[in-house]
Amino acid sequence: MSETTEPKHGESGLVETIKVIVQALLLALVVRTFFYQPFNIPSGSMKSTLLVGDYLFVSKFSYGYSKYSFPYALAPFSGRIFGSEPKRGDVVVFKLPRDNETDYIKRVVGLPGDRIQVKHGLLHINGEPVKVEPLEPYVEKDRWGARARLQAFKETLPNGVSHTILKRDAEGFQNNTQEYLVPAGHYFMMGDNRDNSQDSRYLDMVGYVPAENLIGKAQVIFFSIQEGATPWAFWTWPWEIRWGRLANLI
């Protein structure tokens, strides 16, 4: 006579729970690697488009995949596969070329072969100034409640993409630059908060961004909380969440 041992109900339940957790983690890894990855905004360089405390989804498939699309850049290949070029005006997350580790988010203003220069605070592309129109001043408050008024402009790039930029001044290094010639396979990035953005104008800090370093295109804000607030403190959400920014397309 043969005997079988039935697994205990508690053991069976534990195994099933572990299986569900593993499957969920694998699914999350696949989604994060190939489709959408969440990022949060830690600085004000993209104001007023993106604010400190914004959480957004970035589409990984928009520009194809490179080794930096994968966790810890473990994929054993160089260049991009299934690649497509970003358009002028796209808001892009990329790996900082200086260390290939730090995530940056800026707007693409220069494509390969473009000549980029800033003169008296006005962006020039291939020798032509971009169109700007004045808007109502942008009023911001720091975490201590101090208010500052910034000049705001609607900037329209040569392909018709429009967005808001902020200005404090028209002079200084960031506002009067050399002419940059964007190399083949690279892009020129700038922040929308033009006088408070470390971007491609600083060749030794950011410089031209290789296509390989692109992570994806910023698509939508899925959560936004006041600067300085604690995101996990859900009991403060009713008055800390920026409700009007939820589900905003970028």
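**Notebook: aromatic pairs, a pocket and some backbone details**

I began with F188, which counts as buried because its relative accessibility is 1%, under the 20% limit for that class. I note at the outset that the model is predicted.

**Entry 1: aromatic pairs**

I looked up the aromatic pairs next and recorded a count of twelve. I then examined Y36 and F57, whose ring centres are 6.5 Å apart and whose planes stand at 70 degrees, so I entered the pair as edge-to-face. The angle decides this, because planes over 60 degrees apart count as edge-to-face. The pair links distant parts of the chain, with Y36 in strand β1 and F57 in strand β2 (residues 54-59), 21 residues apart.

Are these two residues buried, partly exposed or exposed? I found Y36 partly exposed, at a relative accessible area of 37%. I entered F57 as partly exposed too, with 31% relative accessibility. Both entries follow because the class of partly exposed residues lies between the 20% and 50% limits.

I returned to F188 for its partner, Y208. The two form a tilted aromatic pair, with 6.2 Å from centre to centre and 55 degrees between the planes. F188 belongs to strand β13 (residues 186-190) and Y208 to the loop between β13 and β14 (209-210), so the pair ties together parts that lie 20 residues apart in sequence.

I also noted one aromatic cluster, formed by Y36, Y55, F57, F61, F222, F223 and W237. The edge-to-face partners Y36 and F57 are thus listed among its members.

**Entry 2: the surroundings of Y208**

Which residues are in contact with Y208, leaving aside its neighbours within four places in sequence? I listed P97, Y180, L181, V182, P183, H186, Y187, F188, S200 and L203. For Y187, I also looked up the C-alpha distance to Y208: the two atoms are separated by 5.6 Å, although the residues are 21 apart along the chain.

**Entry 3: the second largest pocket**

I turned to the second largest pocket and recorded a volume of about 270 Å³. Its lining consists of F39, N40, I41, P42, S43, S45, M46, V93, D103, Y104, I105 and K106.

Which element supplies the largest share of this lining? I found that it is β4, with four residues. Both β1 (36-40) and β4 (103-110) supply at least two lining residues each. Sorted by class, the lining holds seven nonpolar, three polar and two charged residues.

**Entry 4: backbone details**

I searched the backbone and found a cis peptide bond between K47 and S48, with omega at about 0 degrees. S48 is in the loop between β1 and β2.

I then looked up two residues other than glycine with a positive phi. For N126, phi is near 55 degrees. N126 sits in the loop between β6 (122-125) and β7 (128-129), and I entered it as partly exposed at 33% relative accessibility.

For A247, phi is near 70 degrees. A247 lies in the segment after α2 (237-240). I entered A247 as exposed because its relative accessibility is 56%, and the limit for that class is over 50%.

Definitions and conventions: Residues numbered from 1 in each chain as written. Predicted model: local features only at pLDDT ≥ 70, side-chain atom pairs only at ≥ 80, totals over all residues. Heavy atoms only, no water. 1 Å grid on protein atoms, 1.4 Å probe; cavity = no way out; pocket = protein on both sides within 12 Å on 5 of 7 lines; lining within 4 Å. Points joined across faces, edges and corners; volume = space filled by probe spheres on them. Nonpolar A, V, L, I, M, F, W, Y, C, P; charged D, E, K, R; others polar. Phe/Tyr/Trp six-rings, centres within 6.5 Å; stacked < 30°, edge-to-face > 60°. Buried < 20%, exposed > 50% of the residue type's maximum accessible area, 1.4 Å probe, protein only. Contact = heavy atoms within 4.5 Å.
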